[in-house]
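Work through the exercises below with the sequence and the model at hand. Each task is followed by a solution in steps.

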Amino acid sequence: MSKICLIYTGGTIGMVRDESGELRPPDDPKDFLQLAPELIDVTEFDFVPVMNKDSTNINHRDWTIMAQAIGERMTSGYDGFVIAHGTDTMHFSASAVAFALGTNLPCPVVFTGAQTAPAISHGDARVNLLRACEIAKMDLGEVVISFGEFVFRGCRAQKKNEARFDAFESPAQYPLGFIMEKIELNPGAKRKGSSLPEMATNRFADGVLQFSLIPGLEAELLIPAIEKEGCKGVILQSFGAGNVPDADPYSLIPLIERCVKMQKPVIVTSQFPANSTLHTAYAPGRRAVEAGAIPTSNMTGSCAAAKFRWALAQAEGANDPAAIVDKVMSTVYVDEMDPIDRSSHMGGKL
Ligand code: ASP
């Protein structure tokens with residue numbers, strides 16, 4: 001029989017509703033196992049509760065705890081890992097864990113969760129758990145999200161709906177698999193690696209500020225925050241394909257230049273699901289890159305945020321931290337984005 005490591009972090013998939021109607025994690029994480037008693041007929045498993053949180057409260061240190069819990073058990077003979085997680089930030093955690101574990105995994109690492117608590121009999125908690133366990137037994141060597149009828153590459157997925165059972169999407173990449181009576185993985189899914197993965201760092205830096213742009217955003221309101229010592233890097237969540245205001249008095253170009261001078265890297269993401277490419281032909285986007293902002297290709301915003309913390313952690317203590325962040329952000333590690341052609345962001349000036 002197969003053997004799975006079931007890592008529990010919390011989320012609606014294990015939650016109970018109290019008398020006031022509030023949904024909260026169970027007092028004892030072991031209660032989670034009542035969700036699908038038939039699991040013992042499907043697979044042997046070890047249950048490893050690492051936290052018991054609404055995923056709204058999961059932070060970047062928790063990503064390290066998850067990656068460590070998986071990494072140190074990678075050679076323990078499991079067929080795969082299932083991570084039960086809240087849906088609100090599952091896509092951040094799946095991206096972060098993918099970076100920390102690296103490529104060529106010897107077995108699948110399958111995140112799942114649910115839109116409804118176990119008490120809802122027609123809901124998705126039980127079925128999503130059982131489906132994730134089936135996927136964890138397959139020939140798959142990467143971090144994925146299994147949810148509803150789909151398997152997505154973890155670092156390409158994002159939440160798209162807060163109630164429907166098809167809660168996730170992968171805006172710039174076709175799903176890796178479809179869950180039907182037979183679970184079909186498409187040829188793009190990475191199969192089990194034969195060697196042990198090369199673990200990169202599993203640390204994620206503090207000090208990331210993200211600003212979601214609105215028309216008329218005043219740079220001077222943001223400057224005190226970026227100048228704080230604790231600020232290590234800035235994410236500008238731009239309009240459309242990386243376009244950042246460049247016309248006075250609301251130009252953010254001087255803010256980018258100021259950050260770059262302070263060795264605080266700036267990355268540009270999009271407020272929209274990154275589509276086939278986050279590549280801009282418009283002057284305001286190109287000026288941001290010329291000023292030193294780092295484009296993020298078609299990465300989702302959540303993946304870019306996780307990767308940025310990971311890049312900043314690798315740059316800590318280096319002589320030229322900005323250069324390291326730039327290099328890490330521009331390198332493709334776990335197929336999180338299509339390769340960046342930086343010159344195309346600068347009108348061929350590179
Ligand atoms: N707030 C919950 C969480 O992320 C939502 C869910 O799990 O669906 O933990």
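**Exercise 1.** Find the distance between the closest N and O atoms of Arg153 and Asp335, and place both residues in the chain.

Solution. Arg153 and Asp335 form a salt bridge (a side-chain nitrogen of Lys or Arg within 4 Å of a carboxyl oxygen of Asp or Glu), and their closest N and O atoms are 2.4 Å apart. Arg153 belongs to strand S8 (residues 150-153), while Asp335 sits in the segment after helix H9 (321-330), so the two are 182 residues apart. Helices (H or I, at least four residues) and strands (E, at least two) are DSSP runs, numbered from the N terminus.

The model is predicted: local features need pLDDT of at least 70, side-chain atom pairs count only at pLDDT 80 or more, and totals for chains, interfaces and linings use all residues. Residues are numbered from 1 along each chain as its sequence is written, and side-chain values use heavy atoms, leaving out hydrogens and water.

**Exercise 2.** Is Arg153 buried or exposed?

Solution. Buried means under 20% relative accessible area, exposed over 50%, and partly exposed in between (1.4 Å probe, protein chains only). Arg153 has 4% relative accessibility, so Arg153 is buried. Asp335, at 23%, is partly exposed.

**Exercise 3.** Which residue does Arg156 pair with in a salt bridge?

Solution. The partner is Asp335, with the closest N and O atoms 3.6 Å apart. Arg156 lies in the loop between S8 and strand S9 (158-159), 179 residues from Asp335. Arg156 is buried at 2% relative accessibility.
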